[in-house]
Amino acid sequence: MPIFEYACQECDHQFEALVYGSQRAACPKCQSKKLAQQLSVFAVSAKSAASASSAVGACGSCGDPRGPGACSMPDLD
């Protein structure tokens with residue numbers, strides 16, 4: 001059951017909603033179903049955190065997340 005963020009196109013209310021299966025969310029303020037799905041803040045944070053941690057890259061020989069040279073094995077890259 002994913003949580004989605006919405007902005008109501010009728011009253012501009014922003015909210016989050018749990019959506020089950022094929023259900024459609026409705027604005028809790030005005031009950032409108034004219035909603036614009038928003039980009040989740042969590043999704044943006046997770047993506048930027050993932051790209052920041054992968055900037056160094058894992059060791060090509062053993063996969064050590066500290067990067068090349070972190071282990072005693074020669075780097076294959």
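**Exercise 1. Locate D12 among the elements of the chain, and give its phi and its exposure.**

Step 1. D12 is found in the loop between β1 and β2. Strands here are DSSP runs of E with at least two residues, helices are runs of H or I with at least four, and both are numbered from the N terminus. The model is predicted: local features need pLDDT of at least 70 and side-chain atom pairs pLDDT 80 or more, whereas totals for chains, interfaces and linings use all residues. Residues are numbered from 1 along each chain as its sequence is written, and side-chain values use heavy atoms, with hydrogens and water left out.

Step 2. The phi of D12 is near 65°, which is positive although the residue is not glycine. Most residues other than glycine have a negative phi.

Step 3. D12 has 63% relative accessibility and therefore counts as exposed. The classes are buried (under 20% relative accessible area), exposed (over 50%) and partly exposed in between, with a 1.4 Å probe and protein chains only.

Step 4. The loop that holds D12 is the turn of a hairpin: β1 and β2 have five residues between them.

**Exercise 2. Treat Q31 in the way D12 was treated: loop, phi and exposure.**

Step 1. Q31 belongs to the loop between β2 and β3.

Step 2. Its phi is near 70°, a positive value in a residue other than glycine.

Step 3. The relative accessibility of Q31 is 54%, so the residue counts as exposed.

Step 4. R24 is also found in the loop between β2 and β3. R24 is exposed because its relative accessible area is 59%. Its C-alpha atom is separated by 9.6 Å from that of L35, eleven residues apart along the chain.

**Exercise 3. Work out the order of the strands in the sheet and the sense of their pairing.**

Step 1. Begin with the elements: the chain has one helix and three strands. Along the sequence they follow the pattern β-β-β-α.

Step 2. β1 and β2 pair in the antiparallel sense over five bridges. Two strands count as paired if DSSP finds at least two bridges between them. Within this pairing, A7 stands opposite Q14 in β2, and F4 has A17 as its bridge partner.

Step 3. β1, residues 3-8, also pairs with β3, again antiparallel, over four bridges. Here E5 has Q38 of β3 as its bridge partner.

Step 4. The result is an open sheet in the order β2-β1-β3. β2 (14-18) and β3 (35-38) are the edge strands, each pairing on one side only.

Step 5. From one strand to the next the twist averages 40°. Angles run from 0 to 180 degrees between N-to-C directions, with axes taken as lines fitted to C-alpha atoms.

**Exercise 4. Sort the residues of β2 by face.**

Step 1. The covered face of β2 carries F15 and A17.

Step 2. Its uncovered face carries Q14, E16 and L18.

**Exercise 5. Find the salt bridge of the structure and state which parts of the chain the pair joins.**

Step 1. The criterion is a side-chain nitrogen of Lys or Arg within 4 Å of a carboxyl oxygen of Asp or Glu. A search of the whole structure finds one such pair.

Step 2. The partners are E10 and K34, with their closest N and O atoms 3.5 Å apart.

Step 3. E10 lies in the loop between β1 and β2 and K34 in the loop between β2 and β3, so the pair ties together parts 24 residues apart in sequence.

Step 4. E10 is partly exposed, because its relative accessible area is 48%.

**Exercise 6. Decide how many disulfides the structure holds, and describe C11 and C27.**

Step 1. A disulfide is a pair of cysteine sulfur atoms within 2.5 Å. The search of the whole structure finds zero.

Step 2. For C11, the nearest cysteine sulfur is that of C27, 3.7 Å away, and C11 is in no disulfide. C27 is likewise in no disulfide.

Step 3. With 26% relative accessibility, C11 counts as partly exposed, whereas C27, at 0%, counts as buried.

**Exercise 7. Summarise burial, surface and contacts for the chain.**

Step 1. The chain has 77 residues, of which 17% count as buried.

Step 2. It exposes about 5,800 Å², and carbon and sulfur atoms supply 56% of that area. Areas come from the Shrake-Rupley method with a 1.4 Å probe.

Step 3. Among contacts (heavy atoms within 4.5 Å) between residues at least 6 apart in sequence, 24% join residues at least 24 apart.
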